[in-house]
Amino acid sequence: MDVLIQIFLDSAIFVLPLWFGNASPTILGGGSPIDGGRYWPDGKRILGDGKTIRGFWMGVLSGGVIGALIAFIGYTILPITLVLAETPIIMRLEYLEYLNSGIIPILLSQLNLATTLDNLTLLGFVLGSLMAFGGLIGDIIGSFIKRRRGIERGHTFIFLDQLGFLVVGMIFVFPLIPWPIQWFLIQVPFTFILHILANLIGYFTGIQDVPL
Ligand code: CTP
Ligand code: MG
């Protein structure tokens, strides 16, 4: 059981920049659409008004801020001992170990940067932004597919809406952070449910007009 909790926590912290990067445009987005209002030869919008330039970059920025926070908090407050179900488990965050091993020291030395808290936080920002960037590209691909299939902006395409950003975002950063497959297997169902719940909450609190 502890192993499952561990995998869940690691994977959830890992995808946090993706969740924020995907959700923040709902509040911070708006303005000019990425497709410039243009139409595809099938007579439908290329992407539609739901994909805006500001939303895209605000999403990338949010992912970066969350990535930086994870790195900063991870190296200052954590690791802590959590008491869960009367069993103390040490939060051994693999995400932070990735910041410490593999490509990260190579990146730091290539950039002639020392392994300081500032530099790790900066790298957390870069990785979080990159992940959100990949996720938002996935979101755009999703809208492109929806428009080609005649699904109006804001209407639901089950699985694509909930998982497109996750799958593309995770694959996008895989060369930098080669995540274990268990993270993917646990986050696909979890993010799916979380996305639906978050949308329902957004609908009932008036943040968005459609329930899904
Ligand atoms: N949003 C944005 N820019 C983006 C992505 C999202 O401004 N790049 C904002 C839009 O206001 C959008 C809202 O976040 O309506 C919710 O995002 P999403 O559900 O992805 O867009 P939809 O409106 O459902 O459009 P689509 O059907 O194309 O997915
Ligand atoms: Mg939508």
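How many aromatic pairs does a search of the whole structure find? The search finds 12 of them. Keep in mind as you explore that this is a predicted model. Below we look at two of those pairs, then at a lysine in helix α5, and finally at how two helices pack.

**Aromatic pairs**

- Let's begin with Phe14 and Trp183, whose rings form a tilted aromatic pair, with 5.0 Å from centre to centre and 50 degrees between the planes.
- Phe14 belongs to helix α1 (residues 2-28) and Trp183 to helix α7, so this pair ties together parts that lie 169 residues apart in sequence.
- Are Phe14 and Trp183 buried or exposed? Both residues are buried.
- Next come Trp57 and Phe133, which also make a tilted pair; here the centres are 6.3 Å apart and the planes meet at 40 degrees.
- This second pair links distant parts of the chain, since Trp57 sits in helix α2 (residues 53-76) and Phe133 in helix α5, 76 residues apart.
- Phe133 counts as partly exposed because its relative accessibility is 27%, and partly exposed covers the range between 20% and 50%.
- Trp57 and Phe133 also join Phe56 and Phe172 in one aromatic cluster.

**A lysine in helix α5**

- Look along helix α5 (residues 117-148) and you will find Lys146.
- Lys146 counts as buried because its relative accessibility is 7%, and the cut-off for buried is under 20%.
- What does a polar atom of the Lys146 side chain lie 2.8 Å from? Its partner is the backbone oxygen of His155.
- Leaving out residues up to four places away in sequence, Lys146 touches Ile151, His155, Phe157, Leu160 and Asp161.

**Helices α6 and α7**

- Helix α6 (residues 160-173) packs with helix α7 (residues 181-204) at an angle of about 145 degrees, and their axes are 8 Å apart.
- The two helices, α6 and α7, cross in a right-handed way.
- On the α6 side, the contact is made by Asp161, Gln162, Leu163, Phe165, Leu166, Val167 and Met170.
- On the α7 side, the contact residues are Trp183, Phe184, Gln187, Val188, Thr191, Phe192, His195 and Ile196.
- Sorted by class, this contact of α6 with α7 has 10 nonpolar, four polar and one charged residues.
- You have met two of these names before: Asp161 of α6 is one of the residues that Lys146 touches, and Trp183 of α7 is the ring that pairs with Phe14.

How values were computed. Residues are numbered from 1 along each chain as its sequence is written. Chains are lettered from A and ligands numbered from 1 in the order in which they are written. This is a predicted model: local features need pLDDT of at least 70, side-chain atom pairs count only at pLDDT 80 or more; totals for chains, interfaces and linings use all residues. Side-chain values use heavy atoms; hydrogens and water are left out. Axes are lines fitted to C-alpha atoms, for helices over the stretch in contact, and angles run from 0 to 180 degrees between N-to-C directions. Helices (H or I, at least four residues) and strands (E, at least two) are DSSP runs, numbered from the N terminus. A crossing is left-handed if the near helix is turned anticlockwise from the far one by less than a right angle, and right-handed if clockwise. Contact means heavy atoms within 4.5 Å. Ala, Val, Leu, Ile, Met, Phe, Trp, Tyr, Cys and Pro count as nonpolar, Asp, Glu, Lys and Arg as charged, and the others, Gly among them, as polar. Buried means under 20% relative accessible area, exposed over 50%, partly exposed in between (1.4 Å probe, protein chains only). A polar contact is a pair of N or O atoms within 3.5 Å; within protein, one must be able to donate a hydrogen and the other to accept it, and residues adjacent in sequence count only if both atoms are side-chain atoms. Rings of Phe, Tyr and Trp (its six-membered ring) pair if their centres lie within 6.5 Å; planes under 30 degrees apart count as stacked, over 60 as edge-to-face and the rest as tilted.
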